[in-house]
Amino acid sequence: LFIAIQDPIIQKFAVRFAGGYLSEKTGADIKVGRLAVTPDFKVFVDDVTVKDLKGNDLANVGALRTRISIGDLLDGKIHLEKVELRDVDANLVQYEGEDKFNFAFLAEAFPSDTTKESKPMPIIIDKISLKNVDFVMWNQNKSDSLKTANHLMDYAHLDLDNVNLEATDFYMFGDSIHANIASLNAKEWSGLELKSFMADATVTQKGIFLDDMLMETNNSRFDLDLNMLYNGFDDFQYFVDSVVFDATIRPTDVMLSDIGVFSNVMYKMPDKVHFEGKFTGPIEHFRVDDIKAELGKSTSFQGSISMHPLNFENGYHTLNIKDMHFTYDDVVNFYIPSSTKTIPLPESLRPMNEGRINLDFQGSYNNFTSDISLLSDIGDIDASIARAKDLKGDNVFSGYVNAQRVKAGTVANASKFVGDLD
């Protein structure tokens, strides 16, 4: 047998037999360009094309290399010492009016024997290498023009280009998968670029668990332990609402506009923030506790924040700042998703230069209550400020201000005429 499988004539026959058998079994057009097996059970497969039942491309594989451990196979385990896969195009499509994806016929052609009770066979791969993989998953029964127009991540319409992966210690048993991801990079059509990714990863039907995760995207770098919890993989089609995060974030640099692919309101915030904390909840209704953050050139604070939903002008949000040291320039140069574009501090407050603040904010930009304690070079202020609509529907402010040693003349640019006020 070992001698026979080396013969070129036998290999050509095996290629024709494999393509013909698979085509007859599935009813689809499947072709294999080259198939070879060495005496030590190394497998070489080249130029594979798979059409779906409509005659469209399902998958094209340039090259597959692996080596099978026969000893483990006899012991009831599928053990591949290494899998190399390169130059792949995969197109998973759910056509309009159909309830299954175009690859479902492959599983249906090789049904499992449900009459026998058997334990799933473990699958072990020592090392995985994917190079130049393009992946599309497209559901023609779903459309979201808003996501398309605003370049938002759409889990019903994924298009990943140039996926490259290096992973070790892959283990699959039942519905659980584990692997140590050494490197991963890809680019999604929404504009999200995954420049690098490392993690100890576990995937189940109810969650994805990423320990010691290091990730770099367009303009951000992350260091965290991340759990993503869900009821089923279908929840990813409603990602911002249905996938619940539980993350411990170590010192990390985030460009807030990078989050715009999940909620377009964040595209209006090209602010870089260095922070650490505890993130919980879905993106659309998140909370971050134990925050230690730095932004701008000299601003830092501790506290917590929540947004419900991810819309600054409406909804119910909280911001608790325990101790913030800030500068005027950092504040007025911080972008927010509102008509003012940045935080609207008047120029007359520039003499403040810097200060310290404690803040408790609840509500939204258009309807809120807040308690503020401010210490600065131009005075100390305790205030309670609210904004809401009156009976006429106009937005009005209310509250009180208790001020001490306020340099009113400096603020009003009239120091010759006005001194300090209490």
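**Notes on strands, a pocket and one buried aspartate**

1. Let's start with a strand pair in the middle of the chain: β12 (residues 244-255) lines up antiparallel with β13 (residues 272-281), and nine bridges hold the pairing on paper. If you want a residue to click on, take T248, which sits across from K278 in β13. Bear in mind throughout that this is a predicted model.

2. β12 has another antiparallel partner to look at, namely β11 (residues 221-229), with seven bridges between the two. Here L229 is the residue to pick, and its bridge partner in β12 is V244. So much for that region; a general reminder for when you rotate the view is that side chains in a regular strand alternate between the two faces of the sheet.

3. Next, have a look at β4 and β5. Strand β4 covers residues 78-94 and β5 covers residues 123-139, and they pair in the parallel sense over 14 bridges. H79 finds its bridge partner in β5 at I124.

4. I124 is handy, as it also leads you onward: its bridge partner in β6 is Y171. That strand, β6, spans residues 157-173 and runs antiparallel to β5, with 12 bridges joining them. Following H79 to I124 and then I124 to Y171 walks you from β4 through β5 into β6.

5. Now for the second largest pocket, with a volume of about 430 Å³. Which residues are closest to its centre? They are D144, K147, L152, V240 and F262, out of 24 that line the pocket. By type, the lining splits into 11 nonpolar, six polar and seven charged residues.

6. Where does that lining come from? Two helices, α4 (145-149) and α5 (239-242), supply at least two residues each. The largest share belongs to α5, with three residues.

7. Last stop is D380, which you'll find in strand β19 (residues 379-389). Is D380 buried or exposed? Its relative accessible area is 17%, and because the cut-off for buried is under 20%, D380 counts as buried.

8. What does D380 touch? Leaving aside residues up to four places away in sequence, the list is L374, L375, N402, A403, Q404, R405 and V406. One of these, R405, also makes a polar contact of 3.0 Å with D380, side chain to side chain. That pair is worth having on screen when you look at β19, the strand that holds D380.

Terms used:
Residues numbered from 1 in each chain as written. Predicted model: local features only at pLDDT ≥ 70, side-chain atom pairs only at ≥ 80, totals over all residues. Heavy atoms only, no water. 1 Å grid on protein atoms, 1.4 Å probe; cavity = no way out; pocket = protein on both sides within 12 Å on 5 of 7 lines; lining within 4 Å. Points joined across faces, edges and corners; volume = space filled by probe spheres on them. Helix = DSSP H or I, 4+ residues; strand = E, 2+ residues; numbered from the N terminus. Nonpolar A, V, L, I, M, F, W, Y, C, P; charged D, E, K, R; others polar. Pairing = 2+ DSSP bridges. Buried < 20%, exposed > 50% of the residue type's maximum accessible area, 1.4 Å probe, protein only. Polar contact = N/O pair within 3.5 Å; in protein donor to acceptor, adjacent residues only side chain to side chain. Contact = heavy atoms within 4.5 Å.
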